[in-house]
Amino acid sequence: MSGVLIVDDDEDIRVMLADLLTGEGYPVATAGHGREAIAYLRSGKLPCIIVLDLMMPVMNGWEFRAEQMKDPVFSSVPTVLFTGVADLAAEAKSLKATGYVTKSAHYHAVLDMVKRYC
């Protein structure tokens, strides 16, 4: 496993996170919604961590996690929620996420999570 998969429908957030992480030497792939992320995982490219927004069109983060958890290969990939959802701690627990960072936090909080798992 290598690299980071950022799943977020907000292109500005994807670009800023990708720039931060690539600047730190991490390979990065991005997806605009859960369906793109599932396709990426099914292509055989397993990241060392997934940074996941919950509120997205096409396939949201909850739906993505349900699909991810069905596959024993994908379910083993640490997943960090990066979203503005209220009561994020409860959402992270219910989705069995590795961790969470609110979108109001500084992007370096995401970098700290990535450093733990990659």
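Angles under 35 degrees between helix axes count as roughly parallel, over 145 as roughly antiparallel, 65 to 115 as roughly perpendicular, and the rest as oblique. I begin with that convention, colleagues, and shall apply it shortly. Please note that the structure above is a predicted model.

Let us turn to a pair of helices. Two packed helices are described by the angle between their axes and the distance between the axes. Here the pair is α1, residues 11-23, and α6, residues 108-117. Their axes come within 10 Å and cross at roughly 50°. The two helices are therefore oblique to each other, and the crossing of α1 and α6 is right-handed.

Which residues of α1 and α6 meet? From α1 come Leu-17, Leu-20 and Leu-21, and from α6 come His-108, Val-110, Leu-111 and Val-114. By class, the residues of this contact comprise six nonpolar, one polar and no charged.

My second subject is Asp-53. This residue sits in the loop that runs between β3 (49-52) and α3 (61-70). Is Asp-53 buried or exposed? Buried means under 20% relative accessible area; Asp-53 has a relative accessibility of 3%, and so counts as buried.

With which side chains does the side chain of Asp-53 make polar contacts? One is that of Thr-83, at 2.9 Å. Another is the side chain of Lys-103, at 3.3 Å. Leaving aside residues up to four places away in sequence, Asp-53 touches Thr-83 and Lys-103 together with Val-7, Asp-8, Asp-9, Gly-61 and Phe-82.

To close, I would recall the two subjects: the oblique pair α1 and α6, and the buried Asp-53.

How values were computed:
Residues are numbered from 1 along each chain as its sequence is written. This is a predicted model: local features need pLDDT of at least 70, side-chain atom pairs count only at pLDDT 80 or more; totals for chains, interfaces and linings use all residues. Side-chain values use heavy atoms; hydrogens and water are left out. Helices (H or I, at least four residues) and strands (E, at least two) are DSSP runs, numbered from the N terminus. Buried means under 20% relative accessible area, exposed over 50%, partly exposed in between (1.4 Å probe, protein chains only). A polar contact is a pair of N or O atoms within 3.5 Å; within protein, one must be able to donate a hydrogen and the other to accept it, and residues adjacent in sequence count only if both atoms are side-chain atoms. Contact means heavy atoms within 4.5 Å. Axes are lines fitted to C-alpha atoms, for helices over the stretch in contact, and angles run from 0 to 180 degrees between N-to-C directions. A crossing is left-handed if the near helix is turned anticlockwise from the far one by less than a right angle, and right-handed if clockwise. Ala, Val, Leu, Ile, Met, Phe, Trp, Tyr, Cys and Pro count as nonpolar, Asp, Glu, Lys and Arg as charged, and the others, Gly among them, as polar.
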